[in-house]
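Biologist: Could you take me through one part of this protein up close? I'd like to hear about the aromatic side chains, and then how that spot sits in the rest of the fold.

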Amino acid sequence: MRPIIIAANWKMNTTPSDAGPLASAIAAATATDDVVRVICPPYVCLAPVRDALAGTGIAVGAQDVHPLAAGAYTGEISAGMLTGLATWCIVGHSERRRDQHETDELVGRKLARCLESGLRPIWCVGEQLDEREAGRAEAVVREQVERGLVAGGMANGEWAGSVVIAYEPVWAIGTGRTARGADAAAMADAIRSALEANGWTRDAAATVPVLYGGSVTAASIGEFLAEPAIDGALVGGASLKPDEMAGIVARAATTAAARRAAAG
Ligand code: PGA
């Protein structure tokens, strides 16, 4: 059975002084063993968030990592620097693809760096609005998966137990507009089939959690968790609000219990 995962992407919000208290408030509002919870603050807030979350069961993630181990790359952060601060890492977020011009090839190299370094990657994929309207959404996402696998040397399923994929339609991020649950589920199936088409066994592909991301709130999470193909959410704006996180994680815990019961 795949875990249910709720990951918070704080983006460029919070400071080293207010991040710890916010993380503590979220921990208090979301206590459960049934849901894998991850908070991804800005780099400079990793240490206070780690300290605030000690003993809560919530993991800490970074929002990005450099593909190389070290070198003359001003302003960049390597996987090694994250040791002791983060155990997860978002890779290939659409805002970085848009603003830092990250390609699928670069995203694949970052994935490989995460996996070699023991960071659990949340690999973001998703189509633009014009691509969905042209009926190309699945083809675009399948291509993102294939190119990332090839660039990361991951086309053999070796990392099946570590990789998490977040399907985030770009037009749904920060817009208040969500995908339909059924469309997100169809995309989760397409993502697992793209893994199979690129060297993974059916069993390996079936172990990969696929999250939905894009304007998830306590009110909208249910539609996605009602889909057996969807295993949780990557939450942006609402993840800065403890009340919203409480509702999202409570719904996720209900789903986890129901799936466990159904699996016998
Ligand atoms: P949002 O962001 O929930 O604010 O739409 C999601 C994301 O970018 O991961």
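**A look at the aromatic cluster**

Modeller: Let's start with Phe224, which is buried, with a relative accessible area of just 1%. Keep in mind that this is a predicted model. Tyr212 comes out at 1% relative accessibility too, so with the cut-off for buried at under 20%, Tyr212 counts as buried.

Now put those two rings together. Searching the whole structure turns up two aromatic pairs. In the pair made by Tyr212 and Phe224, the ring centres are 3.9 Å apart and the planes meet at 5 degrees, so this pair is stacked. Tyr212 sits in strand E7 (residues 210-213) and Phe224 in helix H9 (residues 221-225), so the pair ties together parts that are twelve residues apart in sequence. Tyr167 joins in as well: Tyr167, Tyr212 and Phe224 form one aromatic cluster.

Stepping back, E7 and H9 belong to a protein with ten helices and eight strands. Its radius of gyration is 17 Å, close to the 18 Å the globule rule gives for 264 residues, so the protein is as compact as a globular protein of that length. Along the principal axes, the C-alpha atoms fill a box of roughly 50 × 45 × 35 Å.

Tyr212 and Phe224 have company in being buried: 51% of the 264 residues are. Of the contacts with a separation of 6 or more, 73% are between residues 24 or more positions apart. As for the outside, the protein exposes about 11000 Å², with carbon and sulfur atoms supplying 53% of that.

Definitions and conventions: Residues numbered from 1 in each chain as written. Predicted model: local features only at pLDDT ≥ 70, side-chain atom pairs only at ≥ 80, totals over all residues. Heavy atoms only, no water. Helix = DSSP H or I, 4+ residues; strand = E, 2+ residues; numbered from the N terminus. Rg over C-alpha atoms; globule rule 2.2 N^0.38 Å. Buried < 20%, exposed > 50% of the residue type's maximum accessible area, 1.4 Å probe, protein only. Contact = heavy atoms within 4.5 Å. Areas by Shrake-Rupley, 256 points an atom, 1.4 Å probe, with all protein chains shown as cover. Phe/Tyr/Trp six-rings, centres within 6.5 Å; stacked < 30°, edge-to-face > 60°.
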